[in-house]
Amino acid sequence: LKVIAIDEQLRVIYEDNVHFDKDLPEFKTQGGVYIHSDRLTVTSPVLMWVKALDMILEKMKSSGFNFSQVRALSGAGQQHGSVYWKKGSIQILKNASSELPLHQSLKGCFSVSDSPIWMDSSTASQCRALEKAVGGAQHLASVTGSRAYEVRNGWGESSQQNPVIETIFCHHRELQQRISLVSSFAASLFLGTYAPIDYSDGSGMNLLQIWEKAWSKSCLDACAPGLEERLGCPVPSHSVLVFKELPLYLVFFLLSASLAGMRLQEGDIAISLGTSDTLFLWIQEPTPALEGHILCNPVDSQTYMALL
């Protein structure tokens, strides 16, 4: 977990990080994840993320960082991962005690303690079932921007989320009040309420109609019953969410990190070499195919981002 503070001239005035394996050894992760015995299932403990946030805020406080000067907060989280809130968690989130670290207040709030992440590749059969249910891989791509991928989990840049949601949801349906993506989960921790899923990250789920910017009923029905109310209404990626009950008047911008963070414009192409090697670009009129992905543009909701 990394933090960077900049001033109005974009000069870096503070930066720090928490290393999951080294700084939080009690969770026993390797590379911040658990690779399960089948070598296909890969998860991360939700409370590790929350405790890392507690730690990094404490580090900032101990360093003398002046929180009163903060005007806005922008966050970026892995697009493909999901967090499952238990029923009643909203009240705990809203009323988390200032006397306790946040990870202690929220320790009973999750129906699934280990979140499936972008590296998981355990959902091949669900991917094929989803494509069949909605009329084939090309039809699914035409509606949601991609066919159903399970490579690197149903959670990486070349994979989609809802097969994992289907698997978990069916086993924990009665417990769940809300499903967040990792990005909207991070925003929720600052808001004190459930943050909505934004168009850009939502369009990596095989559940969002990328043209209408609304959940696809046929995809939701093929995934799990009663799912729409647990996902909430999607919002534009540049939506401003206002903190209501924190001592600081901050706002949280839901932004897709790559295209927005690199300030790409129409005509630009970017290549990212990292845990996933990707190429992406700003486009006006996409034609979804069986290879690659079409996502809603995080900067301009009327355009799109193509990803390979």
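A salt-bridge-free residue with over 30% relative accessible area can belong to a surface patch, and nonpolar side chains are joined into one patch when they lie within 5 Å. The exercises below apply this and related ideas to a predicted model.

**Exercise 1. Work out which residues make the nonpolar surface patch, and place Ile4 in the chain and on the exposure scale.**

Solution. Begin with the members: Ile4, Ile6, Leu10 and Val12 together make a nonpolar surface patch of about 390 Å². Next, locate Ile4, which belongs to strand β1, a strand that covers residues 2-6. Finally, compare its accessibility with the cut-off: exposed means over 50% relative accessible area, and Ile4, at 52%, therefore counts as exposed.

**Exercise 2. Describe the open sheet that contains β3, β4 and β7, and explain why β3 and β7 are each left with one side without a neighbour.**

Solution. The order of the three strands is β3-β4-β7, and their pairing is antiparallel. Because β3 (34-35) and β7 (114-116) stand at the edges, each has a single partner strand, and one side of each is left without a neighbour in the sheet. Turning to the pairing itself, β3 meets strand β4 (residues 42-45) through two bridges in the antiparallel sense, and within this pairing Ile35 has Val42 of β4 as its bridge partner. Helix α2 (residues 46-62) packs on this sheet, where the helix touches β4 and β7, and its direction makes about 40° with that of β4.

**Exercise 3. Determine whether the faces of strand β15 are covered or open, and identify the strand to which β15 is joined by four bridges.**

Solution. As a general background, side chains in a regular strand alternate between the two faces of the sheet. In β15 (residues 293-296), His293 and Leu295 lie on one side while Ile294 and Cys296 lie on the other, and since all of these are buried, both faces are covered. The strand joined to β15 by four bridges is β16 (residues 304-307), and the two run antiparallel. Within this pair, Leu295 stands opposite Met305 of β16.

**Exercise 4. Establish how far helix α8 is covered, and then follow the chain to Tyr194 and describe its surroundings.**

Solution. The count for α8 is nine buried residues out of ten, and the helix is accordingly described as mostly covered. Among the buried residues are Val182, Phe185, Leu189, Phe190 and Leu191. After α8 comes Gly192, with a positive phi near 80°. Tyr194 is found in the loop between α8 (182-191) and α9 (199-202), and its relative accessibility of 12% makes it count as buried. Leaving out residues up to four places away in sequence, Tyr194 touches Trp85, Lys86, Ser89, Ile90, Leu93, Gln177, Arg178 and Ser188. Of these, Leu93 illustrates a contact across the sequence: Tyr194 and Leu93 are 101 residues apart in sequence, while their C-alpha atoms are 8.5 Å apart in space.

**Exercise 5. For the salt bridges Asp7–Arg11, Asp16–Lys59 and Arg128–Glu131, give the separation of the N and O atoms, and state whether the partners are buried or partly exposed where this can be judged.**

Solution. In general, side chains of opposite charge can pair when their charged atoms come close. The structure holds seven salt bridges, including the three treated here.

- The side chains of Asp7 and Arg11 meet at 2.7 Å, N to O, and Asp7 is buried, with a relative accessible area of 16%.
- Asp16 and Lys59 meet at 3.2 Å, N to O. This pair links distant parts of the chain, as Asp16 sits in strand β2 (residues 12-17) and Lys59 in helix α2, 43 residues apart. Both partners count as partly exposed, Asp16 at 24% relative accessibility and Lys59 at 31%.
- For Arg128 and Glu131, the closest N and O atoms are 3.2 Å apart. The two residues both lie in helix α5 (residues 124-133), three residues apart, which is about one turn of the helix. Arg128 is partly exposed at 38% relative accessible area, whereas Glu131 is buried at 6%. Salt bridges with shared partners join Arg128, Glu131 and Arg147 into one network.

How values were computed: Residues are numbered from 1 along each chain as its sequence is written. This is a predicted model: local features need pLDDT of at least 70, side-chain atom pairs count only at pLDDT 80 or more; totals for chains, interfaces and linings use all residues. Side-chain values use heavy atoms; hydrogens and water are left out. Patches are made of residues with over 30% relative accessible area and no salt bridge: like charges are joined within 9 Å, nonpolar side chains (Val, Leu, Ile, Met, Phe, Trp, Tyr) within 5 Å. Accessible areas come from the Shrake-Rupley method with a 1.4 Å probe; for residues, only the protein chains shown count as cover. A salt bridge is a side-chain nitrogen of Lys or Arg within 4 Å of a carboxyl oxygen of Asp or Glu. Buried means under 20% relative accessible area, exposed over 50%, partly exposed in between (1.4 Å probe, protein chains only). Two strands pair if DSSP finds at least two bridges between them. Contact means heavy atoms within 4.5 Å. Axes are lines fitted to C-alpha atoms, for helices over the stretch in contact, and angles run from 0 to 180 degrees between N-to-C directions.
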